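Welcome, and please bring up your viewer. We will go from the whole chain to a few single residues, with something to select at each stop.

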Amino acid sequence: MFTIQQLGAAEIRANEPTLIQIAAASAYNVRFVDIPILFVAYCGREAVAFAGLAKHHDVWCLRACVVLPKYYGRGLQRTLISRRLEYLAQQKAPFVDVSVRLDNTTSIKNLRAFGFEFIDGTKIFDGVVHHKMRKLLAS
């Protein structure tokens, strides 16, 4: 069973070495300075996944969902999407955006299951094109 803990900026900095190890094990490059809210999944005392939330120019964005490879297929990404959407509902956010690579079919499938749709626009992260998706949230 997994537990999820929400971290703020100071807690993210305090846990950054562990979070960087998770990202490196998943071949993921993440800049925690850009992520003020992070949800971390634990299996017992071990951090095994994390996912961020950021607000840029009044637009909430899902950021950096990373799961240790040995925990793939256990629903952690879906759980972390759900927890972030719950947080955004409490914030009364009208919508949320996310950027995803087209070859990341697992993430696209999970995001679509939560009602995300592709919208116009792309971003470049580390030289790789990411396509924008959006979910309208209940007002």
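For a look at charge, Lys and Arg count as positive and Asp and Glu as negative, while His and the chain ends are not counted. On that basis, colour the 18 positive and 11 negative charges of the chain: their mean positions are 5 Å apart. Keep in mind throughout that this is a predicted model.

**Stop 1: the whole chain.** Switch to a cartoon view and you can find 3 helices and 7 strands. From the N terminus onwards, their order is β-α-β-β-β-α-β-α-β-β. The radius of gyration is 14 Å, close to the 14 Å that the globule rule gives for 139 residues, so the chain is as compact as a globular protein of that length. Along the principal axes, the C-alpha trace spans about 40 × 30 × 30 Å.

Now try a contact map. Taking contacts between residues at least 6 apart in sequence, 56% join residues at least 24 apart. With a surface on, the chain exposes about 8,000 Å², and carbon and sulfur atoms supply 51% of that area. Of the 139 residues, 41% count as buried.

**Stop 2: the core.** Which residues have the most contacts inside the largest nonpolar core? Select Leu38, Phe50 and Leu88; the core they belong to has 43 residues. Among the elements that give two or more residues to this core are strand 1 (2–7), helix 1 (9–25), helix 2 (76–90) and helix 3 (105–113).

Centre on Phe50 next and show what surrounds this residue. Beyond its neighbours within four places in sequence, its contacts include Leu19, Ile22, Ala23, Val30, Phe32, Leu38 and Leu80. Ala64 is also in contact with Phe50, and we will come back to Ala64 shortly.

**Stop 3: a polar residue under cover.** Move to helix 3 and pick Asn110. Is Asn110 buried or exposed? Its relative accessibility is 6%, so Asn110 counts as buried. Leaving out residues up to four places away in sequence, Asn110 touches Gln77, Arg78 and Ile81.

**Stop 4: two backbone angles.** Most residues other than glycine have a negative phi. Select Asp58, in the loop between strand 3 and strand 4: its phi is positive, about 65°. Asp58 is exposed, with a relative accessible area of 66%.

Finally, return to Ala64, which lies in strand 4. Its phi is also positive, near 40°. Unlike Asp58, which is exposed, Ala64 is buried, at a relative accessible area of 8%.

Conventions
Residues numbered from 1 in each chain as written. Predicted model: local features only at pLDDT ≥ 70, side-chain atom pairs only at ≥ 80, totals over all residues. Heavy atoms only, no water. Core = buried A, V, L, I, M, F, W, Y, C linked by side-chain atoms within 4.5 Å. Buried < 20%, exposed > 50% of the residue type's maximum accessible area, 1.4 Å probe, protein only. Helix = DSSP H or I, 4+ residues; strand = E, 2+ residues; numbered from the N terminus. Contact = heavy atoms within 4.5 Å. Rg over C-alpha atoms; globule rule 2.2 N^0.38 Å. Areas by Shrake-Rupley, 256 points an atom, 1.4 Å probe, with all protein chains shown as cover. Charge placed at Lys NZ, Arg CZ, Asp CG, Glu CD.
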